[in-house]
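Me: I am new to reading protein models, and I would like to understand why certain words are used for what is seen in them. Could we go through the terms slowly?

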Number of protein chains: 2
Amino acid sequence: MSICLAIHGGAGTLRQSDLTEAIAAARHEGLRQALRRGFALLRQGGSALDAVTEAVMELEDDPQFNAGHGAVLTDHATLEMDAALMSGADRRAGAVAGICGPRNPILAARAVLDLAGPVLMIGEPALNIARAANLPFEPAAYFLTDSRVAALQRELARRASGAPDTRSDADRHGTVGAVARDHAGHLAAATSTGGLTAKRAGRVGDTPIFGAGTFADDATCAVSCTGTGEVFIRYTAAADIAARIRYRGDSLATAAHDIITELSQHGGDGGLIALGPTGAPELVFNCSGMYRGFVTEDGTLHTAIHREAFCVAAL
Amino acid sequence: MSICLAIHGGAGTLRQSDLTEAIAAARHEGLRQALRRGFALLRQGGSALDAVTEAVMELEDDPQFNAGHGAVLTDHATLEMDAALMSGADRRAGAVAGICGPRNPILAARAVLDLAGPVLMIGEPALNIARAANLPFEPAAYFLTDSRVAALQRELARRASGAPDTRSDADRHGTVGAVARDHAGHLAAATSTGGLTAKRAGRVGDTPIFGAGTFADDATCAVSCTGTGEVFIRYTAAADIAARIRYRGDSLATAAHDIITELSQHGGDGGLIALGPTGAPELVFNCSGMYRGFVTEDGTLHTAIHREAFCVAAL
């Protein structure tokens, strides 16, 4: 079976005009690092579930992306992170919502999955599961970055002034995610996010909702989404891609493209990455850009931000 | 368009041997009251969304059912209620998870839906939305009933003793829900629950997950589920019924029956109620029983608990 890993760093990208060469280069390198980390595992025969976990950990650790270190702030200037992952082989799943503490929220989701009991945990009990799993915790200051604090201040000032919302996608949303296929042909998906800048505290988006922002099923596809989560939830975005493949025989490409177009018609902007039991991954979006990348059997790293051709690099 | 309302009071029923005639009569009457309340609205031209809200409020107010007054307790002896509702006409949706305060959790979910912004809210911010909507609140003592306290004590004692789990379905799970079709042909679904007796605090089940425990789409169906929520989430139970109808042309009956059989194969026990754009509702379950009922155009009330014939009563 041909191994494959695809990732996204969110459909919230800087405007092309604001993206200096230096910033773009750093984003590409951040994506490549996540691809390298997940792919190293896959190449050694590791599982898709471990590969998506590792790739998402790398993106969480990188403050350029909205998850873990570098997560955005709520309208109460608090941090509320959501993360989820799912195994396509057996539909095992784990998710956490509204937490702040574990350095890598995706590991907290993994700890829930490993319990093989509950699949979605919120609040202090979710943190207790992370503690019981001996995960490293960090104070709130670790997650905070100057650029996210500035973004919150800009947005709260805009709301106070009544000015129209002219934020770039980068200020509005962002999420990180990964999908992988391993040597055994198993699929997995993982997603992690700080949510929307200045989101309402207590709001849970599509990331930890299986069938909306995160989904995996060996027979059809693994999917990780990014965007205006409410629309992805109401239209069960990820599950609907799987359903079109399973029940109507759509190709992965057709299903992924059609869904992202339809979400747009319902007011949902964003993107998703999807991977089937065979073939190449789909990385689609209906907004200005999506930080994204993939690597297949031969180890060539492909990364892109807007609609330009993929930047290609050796492993 | 022919109006219809179907409800469930949970797939967690007493064993047939423990169900005295007096208890059974009271359960039937509780179900009929909920049917009457929702149907009265539908008959006057009210919306499906309002009808499912009213029917679920009645079931929440009735301590016989596990939602609102009479909700079960977590392993920390706390109350954590989840509720959700969805409009099939436009996929508007609102849900709350892990709350205790509003007398009717379904009204808190409705308040989220009415915001037309977030769809899933947790914790204190969810309560703030309920407060802003001027919903009546109750102290924890209001929700507590002697039988739920006793059920928790039995279960905690069992766990401490290491004895096998021989609880009846009634002690293990329970949820209330409604699906409706109005004169305009619109569908809606609502679900509300206290969760599982002695569930892990912080655990969120399928109730507030759209596409898992609650779903509505005018073109296909409205669905409300009850059972071991984790399996319903991992197999996107409600959304999968809609997908089989939409993409494969399955009938509502075939899709509902097949899903409930498949969930059983994956370790999921429970049931669901489903209603399509035309025709009768489906009320299916793979365990010993499900408190359930329905009423169609002519106003005849049908209620049942185990696999006996429906008990029929006039409006």
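The questions and replies below deal with a predicted model and take up its interface, its symmetry and its sheet.

Me: What makes the pair Arg246(B) and Asp240(A) a salt bridge?

Reply: The rule asks for a side-chain nitrogen of Lys or Arg within 4 Å of a carboxyl oxygen of Asp or Glu. The closest N and O atoms of Arg246(B) and Asp240(A) are 3.9 Å apart, so the pair satisfies that cut-off. Between chain A and chain B the count is 2 salt bridges, while over all chains the count comes to 38.

Me: Why is the pair Arg110(A) and Asp114(A) called a salt bridge too?

Reply: Their side chains meet at 3.6 Å, N to O, and because the limit is 4 Å, the name applies. Both residues belong to helix H3 (residues 105–115) of chain A, where they are 4 residues apart, about one turn of the helix.

Me: How do you know which residues belong to the contact between chain A and chain B?

Reply: A residue is counted when its heavy atoms come within 4.5 Å of the other chain, and therefore the contact can be listed residue by residue. The list takes 37 residues from chain A and 37 residues from chain B, and the area buried between the two chains is about 3000 Å², with carbon and sulfur atoms giving 66% of it. Across this interface the rule also finds 12 residue pairs in polar contact, both residues being at pLDDT 80 or more. Among the elements that give two or more residues to the side of chain A that touches chain B are strand E3 (93–99), helix H4 (123–132) and helix H9 (237–248) of chain A. H9(A) gives the most to that side, with 7 residues, and the residues of that side divide into 21 nonpolar, 5 polar and 11 charged.

Me: Why is the relation of chain A to chain B called a two-fold axis?

Reply: Chain A is superposed on chain B by a rotation of 180° with 0.0 Å of shift along its axis, at an RMSD of 0.0 Å, and that is the relation of a two-fold axis. The same surface serves both copies, since 100% of the contact residues of chain A recur in chain B.

Me: How do you know that E7(A) pairs with strand E4 of chain B?

Reply: Two strands pair if at least two bridges are found between them, and E7(A) and E4(B) (residues 120–122) have 2 bridges, in the antiparallel sense, so the condition is met. In E4(B), the bridge partner of Val204(A) is Leu120(B).

Me: What makes E7(A) and E14(B) edge strands of the sheet?

Reply: The open sheet has 10 strands with mixed pairing, and its order runs from E7(A) through E4(B) and onwards to E14(B). E7 of chain A and strand E14 (311–313) of chain B each have a single partner strand, so one side of each is left without a neighbour in the sheet.

Note on methods. Residues numbered from 1 in each chain as written. Chains lettered and ligands numbered in written order. Predicted model: local features only at pLDDT ≥ 70, side-chain atom pairs only at ≥ 80, totals over all residues. Heavy atoms only, no water. Buried area = accessible area lost by both parts, 1.4 Å probe. Polar contact = N/O pair within 3.5 Å; in protein donor to acceptor, adjacent residues only side chain to side chain. Nonpolar A, V, L, I, M, F, W, Y, C, P; charged D, E, K, R; others polar. Least-squares fit on C-alpha atoms with pLDDT ≥ 70 in both.
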